[in-house]
Amino acid sequence: MPRSFHQKLKILYLMRAFQEKSDEQHPLTVKELISYLQEYGISVERKTIYDDIEALRVFGMDIVSRREKPSGFYLASRSFELAELKLLVDAVQSSKFITHKKSRQLIHKLEGLASKYEARKLQRQVFVESRVKTINESIYNNIDCIHTALSENRQISFQYYEWTISKKMRLKKNGERYRLSPWGLIWKDENYYLIGLDEKSGTVKHYRVDKMLKIAVEKERRNGEELFRNFDTARFASGTFGMFGGREEAVRLEFENHFVGVVIDRFGQDVMLHRVDEGHFSVLVHVNVSNQFFGWVAGLGSGVVVISPSDVRHEYVAFLKKSLKNYESATKII
C-alpha cells in the first residue's frame, strides 16, 4: 500500500495500541508509540503523537498521562471494568448449557475487551474443565431461533434427544418433531429451559434447550396467549425443577436403566456406568452427603438404591424413617 494510505490509518492504529497494550500498570511512552507505528510503515514525530492523543481524548477515549514510574499514557476506563469481565468469564465458564468449545470462544472475545495484561488475569480466573457441560454445539442457534419465534409470535418445531444406557444420544419419539408455542425461557439449576404450549396435547410443557435439535421457526402464530398472560413462571419453575454442603463421600448407587439420562445430567458424561443386570446399572460417584442428597435420591423413588458405604446407607434409611414419622398421625386419621 502507498505510504500516504498508511498515514491515514495512523490514529486508528494508535487507538488499537491503547486498547490492547495499555493499562494503569503498563502505560505507553511516546517512544513506544512511535516504534509501534513504525511496524506498520508509519513514520511520525513526537509532536504529532501528542496531537493524536488529544484527538482521541476529544473523541471520547479516557487516555491519562501517568507521571510516576512507570510513566506514559494509558487507557484509564473501558466499556467493562476488569471485575465485570471476571464476572462474565465466571458465568460463561460455569454455565452447563454452553459447550467447552463455545465457552473458550466467548472468553477469548471477552479478553479482547481488556488489555493483553488484564486478559492474562482473566485466563487464570476460572479452571473448571471438569464441570459438566452440554455437548450440543448448536446451542447458540437454538437460543437465536427461540428468541426469533418469541419476538415474531410464531410456533417452533424441533427434535428432542435422550441418553441410552450406552451413553449414546437417541431421538425421542423415533425422531418425530415436537411442535410448541414458545412463551419464555427459564434459567434453573444451571440449565436453560423453554416453556410453552404443546400443540399436540394442549398442555404447558418445558424442554431443556441444550437437548433440542434442528429447531425451526414455523409460519403459524403461537397459541396460548390467554393462558400465559398471567402465568406465574417463577412459581412454575420452583415447583417443577439445589446444591448444599455436606461431607464428601464416594457412594455407589444402583439405578433402573431408564434413569441413565438423570445420572448423566447430574454427574456428567464421564461417569462410569456398570451393568448389574438387564434392567439395572450402578455408578460410583463422589457426593456431598446431606439431607438434600437424600432428598434427591428419594425423589427418584424405588428406581434407585444406595448400595454403599454402609454408613451412608444407614443414614438414608434413618432419613426416610424420620420423614415417615411426620405422616404417622395422618395415617391413623385416614
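**Entry 1: helix α11**

I began with α11 and looked up what its buried residues pack against, and I found β3, β7 (204-208), β9 and β11 as partners. The buried residues that I noted in this helix are Val260, Gly261, Val263, Ile264 and Asp265. After α11 comes Gly268, and I read its phi as positive, near 95 degrees. I note here that I am working throughout with a predicted model.

**Entry 2: confidence**

I then checked the confidence of the model, and for the protein chain the pLDDT averages 84, with 87% of the residues scoring at least 70. Residues 125-130 fall below 50 in pLDDT, and I counted 9 contacts in the model for this stretch beyond near neighbours in sequence.

**Entry 3: the nonpolar cores**

Which residues have the most contacts inside the largest nonpolar core? I found Val251, Leu253, Phe255, Val283 and Phe293 in that role, in a core that has 27 residues. At least two residues of this core come from each of β3 (154-163), β9 (247-256), α11 (260-267), β11 (280-289), α12 (291-299), β12 (304-308) and α13 (310-325). The largest share belongs to β11, which gives 5 residues. Apart from this core I located another one, of 20 residues, and I wrote down Tyr36, Ile53, Ile63 and Phe73 as being among them.

I followed Val251 further and, leaving aside residues up to four places away in sequence, listed its contacts as Val283, Leu284, Val285, Val287, Val289, Phe293, Val306, Ser308, Pro309 and Val312. I also looked up the separation of Val251 from Ser310: the two are 59 residues apart in sequence, while their C-alpha atoms are 9.5 Å apart in space. Ser310 itself lies in helix α13, and with a relative accessible area of 48% I record Ser310 as partly exposed, because that class lies between the 20% and 50% limits.

**Entry 4: two helix pairs**

I describe two packed helices by the angle between their axes and the distance between the axes. For α12 and α13 I noted an angle of about 75 degrees, with the axes 10 Å apart. Since an angle from 65 to 115 degrees counts as roughly perpendicular, I class α12 and α13 that way. On the α12 side the contact is made by Asn291, Phe294, Gly295, Val297 and Ala298, and on the α13 side by Val312, Glu315, Tyr316, Phe319 and Leu320. By class I find 7 nonpolar, 2 polar and 1 charged among the residues of this contact.

I next took helix α2 (residues 10-21) and helix α4 (residues 46-59), which pack at an angle of about 70 degrees with their axes 10 Å apart. That angle makes α2 roughly perpendicular to α4. From α2 I listed Lys10, Ile11, Leu14, Met15 and Phe18 in the contact, and from α4 Thr48, Ile49, Asp52, Ile53, Ala55, Leu56 and Phe59. The contact of α2 with α4 divides into 9 nonpolar, 1 polar and 2 charged residues. Ile53, which I had already met in the 20-residue core, is one of the α4 residues in this contact.

**Entry 5: backbone geometry**

I kept in mind that most residues other than glycine have a negative phi, and that most peptide bonds are trans. Where are the cis bonds that I noted? One is the peptide bond from Lys69 to Pro70, with omega near -10 degrees, and Pro70 sits in the loop between β1 (63-66) and β2 (72-75). Another is the peptide bond from Ser308 to Pro309, with omega near 0 degrees, and I placed Pro309 in the loop between β12 and α13. Both Ser308 and Pro309 had appeared in my list of residues touching Val251.

For positive phi outside glycine, I recorded Asn153 at about 60 degrees, in the loop between α8 (139-152) and β3. Is Asn153 buried or exposed? Asn153 counts as buried, because its relative accessibility of 17% is under the 20% limit. Lys214 also has a positive phi, near 50 degrees, and I found Lys214 in strand β8 (residues 212-221). At 63% relative accessible area, Lys214 is exposed.

**Entry 6: Lys168**

My last look was at Lys168, in the loop between β3 and β4 (169-171). Its relative accessible area is 54%, so I record Lys168 as exposed, the limit being over 50%. Not counting residues up to four places away in sequence, I found that Lys168 touches Glu162 and Trp163.

Methods. Residues numbered from 1 in each chain as written. Predicted model: local features only at pLDDT ≥ 70, side-chain atom pairs only at ≥ 80, totals over all residues. Heavy atoms only, no water. Core = buried A, V, L, I, M, F, W, Y, C linked by side-chain atoms within 4.5 Å. Buried < 20%, exposed > 50% of the residue type's maximum accessible area, 1.4 Å probe, protein only. Helix = DSSP H or I, 4+ residues; strand = E, 2+ residues; numbered from the N terminus. Contact = heavy atoms within 4.5 Å. pLDDT = per-residue confidence, 0-100. Axes fitted to C-alpha atoms, helices over the stretch in contact; angles between N-to-C directions. Parallel < 35°, antiparallel > 145°, perpendicular 65-115°, else oblique. Nonpolar A, V, L, I, M, F, W, Y, C, P; charged D, E, K, R; others polar.
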